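The exercises below ask you to read secondary structure, backbone angles and exposure from a model. Work through each task with the structure in view before you turn to its solution.

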Amino acid sequence: MTMFRSIVQEWGFELPIGNILDRAMIKYIDFLLATTSGKAVAERFHGKLATPFGKTKLSAYALAAMVESAVLSEELMQGFDQETAVVVVARLTSYKMEMEESFDATRWIDRNLIRLCSKFGDYRKDDPSSFSLNPSFSLFPQFMFNLRRSQFVQVFNDSPDETAYFRMMLNRESITNATVMIQPSLISYSFNSLPSPTLLDVASVLADRILLLDSYFSVGFFHGMTIAQWRNNGYQH
C-alpha cells in the first residue's frame, strides 16, 4: 500500500487519509474519464510486498496517460465497454455525492452523456432526427437513463444506512452485478418461446407472459392476466 500511494502521488494525485485503495481507484477513474480518446502512454513500476504469511511477492503497477489521436479514436469506439463505463460513472457519481456537498449528480450525468454523444455521435446541426451512435455506444444512453433513476442517485426515500450499503455493494461487486444494480434485468417467459431478455418497458407486459425482474437487491415476478387465471384455477398442479 505504501508503494501504491507513493506511485500515485508521483503522478500528481492528492490522496485523502482513510480508505486509500478505494479513493486512489476513484481518482484514477476520474483521470481516465477526463480523457476520451487517443494513444495510451504508460509507465510501469515494480515493488515488493510482504504477505501475512511471511513471504515476499513481486508486484507490478502501470499508470497510463492519454494523448489525442484521431486514428486511435476509432479503435477506442470499437473497444468501448458500455457496462464497465456505466459502472465507472456510477461509482464516481456516488463518490462525488458523498464528498462534494453541492454536487448535482443528475446534471453531471447529463452533461457527460451530452459530451460523449457530441464527440462520438453522427449528426447534422439543427436536425435531431439525423443523430446516430456507433453500435458500441448504443446501450450507454439507456444505462445512463437508468442510473439517473437508481438508488445511487435518487436517495430521498433511503436512510443514510441504506445509501451507504448500496454504495458499498456498488464498489465491491463485479461489473456484471453492478450493471444489474443500475439497470435491472427483465426476463420474459411464455409457452411459445424460450426465456429471453426483454425491454424495461410497459410493452413487455402481456397477458400470456411471466416476467422476472432482477435488480440484484430484490427479485420480482409478474403474471399476465391469462397466466394469473391459470394459476388461480390450479393448472400448475
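**Exercise 1.** In which loop is Y216 found, and what is notable about its phi?

*Solution.* Begin with the place: Y216 lies in the loop between β7 and β8, where helices (H or I, at least four residues) and strands (E, at least two) are DSSP runs numbered from the N terminus. This is a predicted model, in which local features need pLDDT of at least 70 and side-chain atom pairs count only at pLDDT 80 or more, while totals for chains, interfaces and linings use all residues. Residues are numbered from 1 along each chain as its sequence is written, and side-chain values use heavy atoms, with hydrogens and water left out.

Next comes the angle: although Y216 is not a glycine, it has a positive phi of about 75°. As background, most residues other than glycine have a negative phi. The strands β7 and β8 form a hairpin with four residues between them, and Y216 belongs to that turn. Finally, Y216 counts as partly exposed because its relative accessibility is 29% (buried means under 20% relative accessible area, exposed over 50%, and partly exposed in between, with a 1.4 Å probe and protein chains only).

**Exercise 2.** Find the order of the strands in the open sheet, and explain why β6 and β8 each have one side without a neighbour.

*Solution.* The four strands of the open sheet follow the order β6-β5-β7-β8, with antiparallel pairing. Because β6 (196-197) and β8 (219-223) stand at the edges and each has a single partner strand, one side of each is left without a neighbour in the sheet. Two strands count as paired if DSSP finds at least two bridges between them.

Now check the pairs in turn. Strand β5 (residues 185-189) is joined to β7 by five bridges in the antiparallel sense, and S188 stands opposite L211 in β7. Strand β7 (residues 210-214) is in turn joined to β8 by five bridges, with V219 in β8 as the bridge partner of D214. H223 is also part of strand β8, and its C-alpha atom is separated by 8.8 Å from that of L206, although the two are 17 residues apart along the chain.

**Exercise 3.** Which residue in the hairpin of β3 and β4 takes a positive phi, and is that residue buried or exposed?

*Solution.* First identify the strands: β3 (residues 122-124) and β4 (residues 127-132) pair in the antiparallel sense over two bridges, and R124 stands opposite D127 in β4. The hairpin has two residues between its strands, and D126 is the one that takes a positive phi, near 65°. With a relative accessible area of 73%, D126 is exposed.

**Exercise 4.** Which residues of helix α7 are buried, and how are they placed around the axis?

*Solution.* Start with the length: α7 (residues 160-172) has 13 residues and reaches 18 Å from its first C-alpha to its last, close to the 18 Å expected at 1.5 Å a residue, where the expected span is 1.5 Å times one less than the number of residues. The buried residues of α7 are T163, F166, R167, M169 and L170. They cover an arc of only 160° around the axis, and therefore lie on the same side of α7; the arc is that of the directions from the helix axis to the C-beta atoms. On the other side of α7, the residues P160, D161 and R172 are exposed.
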